[in-house]
Amino acid sequence: MFSAFEWMIAARYLRARRQEGFISVVAGFSFLGIALGVAALIIVLAVMNGFRHELLGRILGVNGHVTVYGHLGKLTDYERLGRELGIIEGVQRVTPLVDGQVLASSVHGVSAGAIVRGILPDHLRARAILVDAVTAGSLDTFGIPGNGVVVGERMAQKFGLRVGDSITLLSPQGTPTAFGTIPRSATYRIEATFEVGMFEYDNGLILMPLDLAQTYFRKGDAVTALELEVNDPEDVDRVRDEVYLTVGDRGRVVDWRQANAQFFGAIQVERNVMFIILTLIIVVAAFNIISSLIMLVMDKGRDIAILRTMGATRGMVMRIFLLNGATIGVVGTLVGFALGLAFSLNIETIRQWIQGLTGTELFAAEIYFLSQLPARVEVGEVVTVVIISLVLSFLATVYPSWRAARLDPVEALRYE
């Protein structure tokens, strides 16, 4: 498509002489703009995908995909309902739960709000994310008589507690007396600690055997909810509809998308906005390519006229300047692709290095929910970014190249 002569002339124009220094600077900034724009887009999309994937994995690893809540916090005859739900196609496991809010305190005088979750020991040990997240103690003793609970690692550190110490829980669901309701208080031994990497759970979740939770919250033989784990969390709609028909008026059904709609919706909106904003960087760089090529065409008017008089066609002249501008766009895109990919794959190491160098915390777990900066590179999105950059770079060369091809050699030589 392009002749060796056209490649030679285009390469010569990319190596600016001293009097063409300003044109070379503009072309250099165009190259940097495209490279940085592509890299920034790849990095931001990777981080946003990483956030969604990690949060989704931790939320669905600790919680179920579909939850059936009882009316007024009580779900009676849950064992029979659990058997009915367990035979629905796509349901892997049905877990009865007792949830409640408490005020936790330690002998060191530290107190804070927490969520207590009562769960069957076998069901707890079946959740790989919690089993793999144990930092001290063991889940093997969970459920053995002795009032043992499992708490988040950050909560244990905040309270100054270790495995074997005791934690006191105070529930507002107390005992009615003649002098008013007395909050219910109980002390439990810490059997193990866990750290799933999500601050909300590591800092405020207490796991308790189901029978102890039923006794502590005065639920009797009832539970708070039934959690269902399904085969494909992304295709939860069909299972939710069948669960809704099975439950009827015995409770209300909520899937993970409904429970976290605002959270994941905000992430998606932020991701789309960042994509649009950072794409503008590439657009600006493309306009720089237009500017540099127009100035190059004006500067090379006499050269173009000589080429035309020597037999070069308008198509050859146009292809020379297309090659000139496209080279900037292609090389800038490839450099940005390599830079963005390398940064994304090593983003946590880079964050740790920057934090050590500056002495500041760049990624607070209390704010961002996760204890590490995640990144997940999606091949399709990277390909989309590269294609957008190449298309914009090519379109930026069309007008200056057309203008160079339309240059009248007689007029160009007359005014030289």
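Contact here means heavy atoms within 4.5 Å. The legends below describe views of a predicted model.

**Figure 1. Overview of the chain in the predicted model.** The chain contains 17 helices and 10 strands. It has 416 residues, of which 45% are buried. Among contacts with a separation of 6 or more, 79% join residues that are 24 or more positions apart. The surface exposed by the chain is about 20900 Å², and 60% of it is supplied by carbon and sulfur atoms.

**Figure 2. Surroundings of N63 in the loop between α2 and β1.** Helix α2 spans residues 21-62 and strand β1 spans residues 66-69, with N63 in the loop between them. N63 has a relative accessibility of 14% and therefore counts as buried, since the term buried applies under 20%. Apart from its neighbours within four places in sequence, N63 is in contact with R117, R127, Y201 and E227. Two of these residues also meet N63 through side-chain polar contacts: the one with R117 is 2.7 Å, and the one with Y201 is 2.6 Å.

**Figure 3. The salt bridge between E229 and R127.** Side chains of opposite charge can pair when their charged atoms come close. In the pair formed by E229 and R127, the closest N and O atoms are 3.7 Å apart. E229 belongs to strand β9 (residues 225-230), whereas R127 is in the loop between α4 (121-125) and α5 (128-131), so the salt bridge ties together parts that are 102 residues apart in sequence. Both partners count as buried: E229 has a relative accessibility of 12%, and R127 has one of 4%. R127 is also among the residues in contact with N63, the subject of the preceding view. The structure holds 14 salt bridges, and two further examples appear in the next two figures.

**Figure 4. The salt bridge between E191 and R189.** The closest N and O atoms of E191 and R189 are 3.0 Å apart. The partners fall into separate classes of accessibility. E191 is buried, its relative accessible area being 10%. R189 is partly exposed, with a value of 36%.

**Figure 5. The salt bridge between D255 and R240, with its network.** The side chains of D255 and R240 meet at 2.6 Å, N to O. D255 lies in strand β10 (residues 252-255) and R240 in helix α9 (residues 237-247); the pair links distant parts of the chain, 15 residues apart. D255 counts as buried, at 1% relative accessibility. Through salt bridges that share partners, D237, R240, D241, D255 and R257 are joined into one network.

**Figure 6. The aromatic cluster of Y188, Y216 and F217.** The count of aromatic pairs comes to two. In one of them, Y188 and Y216 are arranged edge-to-face, with 6.1 Å from centre to centre and 75° between the planes. Y188 is located in strand β7 (residues 180-194) and Y216 in helix α8 (residues 210-216), so this pair ties together parts that are 28 residues apart in sequence. The rings of Y216 and F217 have centres 5.0 Å apart and planes at 80°, so this pair is edge-to-face as well; the term applies to planes over 60 degrees apart. Y188 and Y216 are both buried, and F217 is likewise buried. Y216 takes part in each of the pairs described here, and the three residues form one aromatic cluster.

**Figure 7. Helix α16, with F394, a nonpolar surface patch and R403.** Helix α16 spans residues 379-405 and includes F394. F394 is partly exposed, with a relative accessible area of 45%. Together with V379, V383, I387, V391 and L395, F394 makes a nonpolar surface patch of about 560 Å². R403 lies in helix α16 too, and it counts as partly exposed at 36% relative accessibility. The C-alpha atoms of R403 and I294 are separated by 8.1 Å, while the two residues are 109 residues apart along the chain.

Methods
Residues are numbered from 1 along each chain as its sequence is written. This is a predicted model: local features need pLDDT of at least 70, side-chain atom pairs count only at pLDDT 80 or more; totals for chains, interfaces and linings use all residues. Side-chain values use heavy atoms; hydrogens and water are left out. Patches are made of residues with over 30% relative accessible area and no salt bridge: like charges are joined within 9 Å, nonpolar side chains (Val, Leu, Ile, Met, Phe, Trp, Tyr) within 5 Å. Accessible areas come from the Shrake-Rupley method with a 1.4 Å probe; for residues, only the protein chains shown count as cover. A salt bridge is a side-chain nitrogen of Lys or Arg within 4 Å of a carboxyl oxygen of Asp or Glu. Helices (H or I, at least four residues) and strands (E, at least two) are DSSP runs, numbered from the N terminus. Buried means under 20% relative accessible area, exposed over 50%, partly exposed in between (1.4 Å probe, protein chains only). Rings of Phe, Tyr and Trp (its six-membered ring) pair if their centres lie within 6.5 Å; planes under 30 degrees apart count as stacked, over 60 as edge-to-face and the rest as tilted. A polar contact is a pair of N or O atoms within 3.5 Å; within protein, one must be able to donate a hydrogen and the other to accept it, and residues adjacent in sequence count only if both atoms are side-chain atoms.
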